[in-house]
Amino acid sequence: MTQQLAQRWDLEVLFPGGSESQAFAAFLDRLEADISEWKRELDRTDLVFEEKETFLAAVSSVQSLSVRIREAGAFISCLTAQNVKDEAAKQLGGRVKSISAALSAGLSAWEQRLLAIEEDAWRQLLAEEELSPLAFSLDERRRRAKDKLPTDQEVLASDLAVDGYHAWQELYNTVVGRITIEVELDGETKQLSVGQAANLIGHPDRQVREKVYAKWLEAWGRETDLCALALNHLGGFRLALYRHRGWDQILREPLEIGRMQESTLDAMWQAINNRRDKLVAYLQRKAKLLGLEKLSWFDVGAPVGSQTKKVPYDDAAAMIVEHFGRFNPNMAEFAQKAFDEAWIEAEDRPGKRPGGFCTSFPVSRQSRIFMTYAGNASNVSTLAHELGHAYHQHVMWGLPPLAQNYAMNVAETASTFAEMILADAGVKQAANDEERLVLLEDKLQSVVAFFMNIQARFLFEKNFYEKRKQGLVRAVDLDQMMLEAQREAYGDALADYEPHFWASKLHFYITSYPFYNFPYTFGYLFSMSVYARALQEGESFAAKYDALLQDTGRMRVEDLAQKHLGEDMTKVDFWQAAVDLAVADIDEFLRLTENQ
């Protein structure tokens, strides 16, 4: 491993010049022109889509244009994340959204042409050798088109969304970008970005995290009116569109995007609720270890034990490559490439947006990872998590673009699987019980996040949409709804909760994916099942793992589990086995801390 790895990503190899890139401007010009030409082709009345060559040409155009808009969107995501004050990048983002809306309009027209094909002719087309790898994706697109409005209305909705629906997400991004959290640390007054402050809320010194958290609440409290405005109108747009489409279930879209049944989601939550007492026992023991009667919200992520040393970025990279390699040499080789070629933006500096993500550039066949690395155990986990996302996309590159469209629930499988490899290896190789306890506790923080924090988000969002149907929801009521959801999800095990969490969490404002919460828990538990199978089968499972990942974009999740694991996801028993595997770490944690 090369030492002194770059902690700023390299975007120059993609489009040199950042938000002033002439290459990117030319890329957008060409894309815009090609979309216009393609839409004109779709309007031709002499085209017969039942004819193989015409159909193949249309599919080729759809794949090419879709890949290029993804490339553009990924670049904008990187620019706006690395510098929230980059106004030129924001302007470019607006242009990309407009181009994306034009493509969406064309896709709606294309889908109507698909609907016009007679069923027998449709089946014959999908049976063609060139199209059979895309049969699932094309069939899915045609079926979903049947549930939408007529083309002209879908086009209108898409056009209006640019300055309506998606604009509310941009307002939220603007709010986050202007927040500065002023904190006095070590006798020095520091101006922290949201991302930097979030890292400090997990500080080992309770006085530090309490101080930062108080300022965090203050800062977000000043912005709740604007955040409520954004959330209300974003939700209102979504509900209005659903109403016009005749959709009466708020979960219909997220479940369809996730290619899953509601019975699968219900079974997952039931399995988690069956073990809530274990999670509460863990939180109670952690409070005792920290000398508290009950944990406060800002204590949940606090480390336990004295071994809280910082992990240098280069050391974290070496650990990840080593442990990935013990499972699958291909994963290690890929991670090495990502570090060596500066695919990761990890520098801890002001001006970055909070959180972490992985985005992929399908034209360039590269990925980029964004995070703020401060050297704590959670940062190491995040780094492994995002590399898992990137590896998932890496194994998909050989498939046709339409077959690469995997949903977020299975996308989170690869990321949490990568985390698990690292966390499990760390616990097993611990030098002593104290080190084992620290590492075990870090694993359990993930369990609490996926089983409690994510469930609180899910409960809040369900309740918000029901209340939003009746009219605008005040910020003070959103605070109260958030507190109620957190109390339920955490089994009322905490002394206090985070009322402004609905405002500070980006995921509530992402317009591309409603209910961007349960996919994390799904991915965690599914990856737990996959990991258990990997441990059983050993080295031979690595190739099977890649095959499973490759199938994530071309079948529904219940079929994926049946094909690769021989399991029924709609049954509580499937999820219960995974939940029990996760909470088994709680038993070990309680054993190690019994006399402390």
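A residue counts as buried here when its relative accessible area is under 20%. Keep that cut-off in mind while touring this predicted model.

Let's start with helix α1, which covers residues 22–42. Its 21 residues reach 30 Å from the first C-alpha to the last, close to the 30 Å expected at 1.5 Å a residue. At the start of α1, Ser 21 gets involved: one of its side-chain oxygens comes to within 3.3 Å of the backbone nitrogen of Ala 23.

Which residues of α1 are buried? They are Phe 24, Phe 27, Leu 28, Leu 31, Ile 35, Trp 38 and Leu 42. Looking down the axis of α1, you'd find these buried residues within an arc of 95°, so they line one face of the helix. The general rule behind such a pattern is that an α-helix has 3.6 residues a turn, so residues three or four places apart point the same way. And what do the buried residues of α1 pack against? Their partners are α2 and α3, the latter spanning 87–115.

Helix α2 (residues 52–82) has other company too: it packs on a sheet, touching β4 and β5, and its direction makes about 140° with that of β4. Gln 63 sits in α2. Is Gln 63 buried or exposed? With a relative accessibility of 12%, Gln 63 falls under the 20% cut-off, so it counts as buried. Setting aside neighbours within four places in sequence, Gln 63 touches Leu 134, Pro 400, Pro 401 and Leu 402.

Now for the sheet itself. It is an open one of three strands, in the order β3-β5-β4, with mixed pairing. The edges are β3 (344–345) and β4 (357–361), each pairing on one side only. Between β4 and β5 the strands run antiparallel.

Elsewhere, β1 and β2 make a hairpin with two residues between the strands, and Asp 186 there takes a positive phi near 55°. Strand β1 has two distinct faces: Ile 181, Val 183 and Leu 185 are on the covered one, while Glu 182 and Glu 184 are on the uncovered one. In a regular strand, side chains alternate between the two faces of the sheet.

Here are the two antiparallel pairs side by side:

| Strand | Partner strand | Bridges | One bridge pair |
|---|---|---|---|
| β1 (residues 181–185) | β2 (residues 188–192) | Five bridges | Glu 182 and Gln 191 |
| β4 (357–361) | β5 (residues 366–370) | Five bridges | Phe 361 and Gln 366 |

Methods:
Residues numbered from 1 in each chain as written. Predicted model: local features only at pLDDT ≥ 70, side-chain atom pairs only at ≥ 80, totals over all residues. Heavy atoms only, no water. Pairing = 2+ DSSP bridges. Helix = DSSP H or I, 4+ residues; strand = E, 2+ residues; numbered from the N terminus. Contact = heavy atoms within 4.5 Å. Axes fitted to C-alpha atoms, helices over the stretch in contact; angles between N-to-C directions. Expected span 1.5 Å × (residues − 1). Buried < 20%, exposed > 50% of the residue type's maximum accessible area, 1.4 Å probe, protein only. Arc of directions from axis to C-beta. Polar contact = N/O pair within 3.5 Å; in protein donor to acceptor, adjacent residues only side chain to side chain.
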